[in-house]
Every structure is written in C-alpha cells, then in structure tokens.
Amino acid sequence: MDYRRIILLTGAGVSAESGMGTFRDKDGIWTRHSLEDVATPEGFTRNPRLVHDFYNARRRSLREAAPNPAHRALARLEGAVKKAGGDLLLVTQNVDDLHEKAGSRSLLHMHGELKQVMCASCGIKGAWDEDLFTDTECWRCGASALRPDVVWFGEMPYGMDAIYQKLGACDLFVSIGTSGEVYPAAGFVNEARRAGAHTVELNLEPSANAWEFSEGRYGLASQVVDEWASDLIRKIAV
Ligand code: BJW
C-alpha cells in the first residue's frame with residue numbers, strides 16, 4: 001500500500017446527489033437564504049425563529065436522504081485501509097449524517113451536526129431529531145435557548161487540534177466536493193503539502209484552490225469518488 005496516513009475532507013458536493021443541496025452553486029442555499037441571517041451567532045440573536053425554520057427544514061429533508069455511491073465508496077475505502085494496517089480520518093464539513101449511514105466510522109464533523117442541539121445557556125449537547133422552536137426548553141437548565149449544534153461563521157470549528165495533528169503527519173490528503181471558499185478547511189491542503197503528502201481534489205469542477213493540489217479529477221461525486229476510491233482499494237489489496 002502506497003499511503004498509510006490518509007485524510008479525506010468532504011463538503012456539500014459529496015451529498016449533492018443525495019438531495020442535501022450545496023451552498024455556493026448557482027442554485028445553492030446561499031442564493032435563497034442570507035448567510036448573515038441564518039449562519040452567524042448574530043443572526044440567531046436577531047431572529048432565532050428564522051434560524052430555526054431554516055434548520056428545521058434541512059433536518060426534515062435529511063430524514064428522507066440516503067447515502068449515494070460516493071459516501072459508500074469512502075466507507076469501503078476506510079475498511080480497506082484499516083484492514084491493511086493504515087490510518088484514515090474522514091473530516092466532513094457536512095452537517096448531515098450520510099457518511100455514518102454509509103458505514104464510515106473514523107469521522108469528524110468539523111462544522112457540527114444537524115441532528116444535534118446545544119443549549120446556548122448551559123452548554124449541554126444532545127441528539128435531536130425534532131423541530132426546534134424559540135420556546136423549546138433545555139432538558140437540563142430549562143432555558144429556552146436551544147440551537148442547532150452547527151458551526152456558524154465566526155465560531156471555532158470542532159476538532160481542530162486533532163485535525164492539524166493528523167494533517168501534519170499525513171501522506172495522502174483528498175478534498176472532495178468542496179468549493180475551497182471557507183476557512184480553515186480551505187487551508188488544510190497547505191498543511192498537508194507541508195507534511196509532504198500527495199494531494200488530490202475530487203470535485204464537479206476545479207475549486208477556488210484547485211492549483212494547490214497535485215492531482216485533480218472532475219465530475220459527479222457518485223462517479224469520480226467511486227472510481228478513485230476503487231482504484232486505491234485495488235492498489236491496497238495488491
Ligand atoms: C459537486 C457536486 C457533485 C456540486 N459532485 N461535486 C476572510 C478571509 C479568510 C477567512 C475569513 C475571512 N473572513 C472570515 C473568515 C473566516 C470564515 C470564512 O472562511 N469566511 C469565508 C466565507 C471568507 N470562517 C469561519 O468563520 C470559520 N471559523 C473560523 O475561521 O474560526 C477561527 C479559526 C481560526 C484559526 C483556526 C481555526 C478557526 C467557521 C466557518 C463555518 C462555516 N459554516 C457553514 C454552515 C454550517 C452549518 C450548515 O450547514 O448550515 O458550513 S457555511 C457552509 O460552507 C457550511 C459548509 O460546511 C461550508 C463549506 O461549503 P462547501 O461544503 O465547500 O459547499 P459549497 O457549496 O461551497 O461547495 C460545493 C462544491 O461541490 C462546489 O465546488 C461544487 O462544484 C461541488 N459540487 N455538486 C461533486 N454532484
């Protein structure tokens with residue numbers, strides 16, 4: 001096996017064919033909603049009802065969504081890498097649970113999870129699959145301050161120490177279905193390059209930072225990711 005310490009970074013493009021929508025494409029979520037209103041702590045303070053409506057709708061659509069061949073290929077790759085004694089971490093910017101549903105286990109949700117809530121008053125977190133309302137009370141402190149446990153602009157993404165530690169030692173970094181517009185995720189490729197890793201971009205089209213990758217394959221995730229992962233699994237099996 002060529003690579004023993006692999007990091008995969010996924011974005012909205014990997015879940016696009018499962019119907020979850022992307023953010024910055026021409027029909028993306030930010031063409032219909034103002035990110036300042038629904039994806040910042042200030043927006044939540046201004047109008048929590050609007051933010052709840054936005055995330056309630058996405059949580060409902062997630063109930064209908066199923067993993068596509070790209071999610072399944074990445075789960076198969078994790079199995080093959082682990083069987084060969086290697087290490088693989090899948091860092092996802094997505095708040096859906098389609099990687100888990102496909103069977104990925106070594107997974108970090110750096111922008112949080114739709115099916116998790118956090119109390120803005122006492123900080124407790126817990127699983128949540130229902131709609132949230134402005135008067136929904138926290139089960140621990142009783143405050144009406146529950147919010148989706150997702151990372152908004154200006155907030156610190158989750159797991160950064162663990163991610164940078166792995167990036168500093170990886171030998172393969174693969175960015176999948178992300179526009180490369182949002183930091184710190186868009187900067188991960190530089191950390192991986194500094195560590196001497198081979199860097200690959202798999203996306204519908206070249207992203208904002210495509211030039212930073214040593215290799216790029218372009219097309220629908222369901223095809224490109226499946227083909228790329230199958231190639232690597234074949235090499236691992238040899
Ligand atoms: C397909 C496909 C198919 C389509 N097959 N592909 C100025 C300069 C630099 C940085 C900053 C700045 N001012 C502020 C910042 C920081 C800010 C930032 O990056 N802003 C930029 C917009 C400029 N970042 C933050 O605030 C972050 N926190 C932070 O930086 O903390 C400080 C810190 C310092 C040092 C270290 C660490 C931290 C927090 C960012 C939080 C982002 N939150 C969101 C919402 C989460 C909840 C939710 O889902 O509602 O996360 S915004 C949204 O964007 C969401 C996504 O995870 C994220 C990335 O989007 P993604 O996944 O790339 O989607 P798209 O739509 O952009 O791209 C999809 C791609 O798929 C496209 O390329 C398509 O072509 C492709 N595609 N169909 C394959 N079928």
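## Two sheets, one crossing helix and the cysteines

Three strands form an open sheet in the order β5-β4-β6, and their pairing is antiparallel. The edges of this sheet are taken by β5 (125–127) and β6 (146–150); each has a single partner strand, so one side of each is left without a neighbour in the sheet. On average, neighbouring strands here are turned by 40 degrees against each other, direction ignored. The model described here is predicted.

Within this sheet, strand β4 (residues 112–119) pairs with β6 in the antiparallel sense, over five bridges. One point of reference along that pairing is G112, which stands opposite V150 in β6. Strands of a sheet pair through backbone hydrogen bonds, in either a parallel or an antiparallel sense.

A second open sheet has six strands, in the order β3-β2-β1-β7-β8-β9, with parallel pairing. Its edge strands are β3 (107–109) and β9 (215–218); as each has a single partner strand, one side of each is left without a neighbour in the sheet. Neighbouring strands of the six-stranded sheet are turned by 15 degrees against each other on average, again with direction ignored.

In the six-stranded sheet, strand β7 (residues 172–176) and strand β8 (residues 198–203) pair in the parallel sense over five bridges. L172 stands opposite H198 in β8.

Which strands does helix α9 lie across? Helix α9 (residues 221–237) lies across β1 (5–10), β7, β8 and β9, and runs at about 135 degrees to β9.

The cysteines are the remaining topic. A disulfide is a covalent bond between the sulfur atoms of two cysteines. With a cut-off of 2.5 Å between cysteine sulfur atoms, the count of disulfides in this model is zero. C122 is in no disulfide, its nearest cysteine sulfur being that of C138, 3.8 Å away. For C138, the closest cysteine sulfur is in C119, at 3.8 Å, which is too far for a bond. The table sets out C122 and C138.

| Cysteine | Nearest cysteine sulfur | Distance | Relative accessibility | Class |
|---|---|---|---|---|
| C122 | C138 | 3.8 Å | 25% | partly exposed |
| C138 | C119 | 3.8 Å | 4% | buried |

Why is C138 classed as buried? Its relative accessible area is 4%, and buried means under 20%. C122, at 25% relative accessibility, counts as partly exposed, because that class lies between the 20% and 50% limits.

Technical notes. Residues numbered from 1 in each chain as written. Predicted model: local features only at pLDDT ≥ 70, side-chain atom pairs only at ≥ 80, totals over all residues. Heavy atoms only, no water. Pairing = 2+ DSSP bridges. Helix = DSSP H or I, 4+ residues; strand = E, 2+ residues; numbered from the N terminus. Axes fitted to C-alpha atoms, helices over the stretch in contact; angles between N-to-C directions. Contact = heavy atoms within 4.5 Å. Buried < 20%, exposed > 50% of the residue type's maximum accessible area, 1.4 Å probe, protein only.
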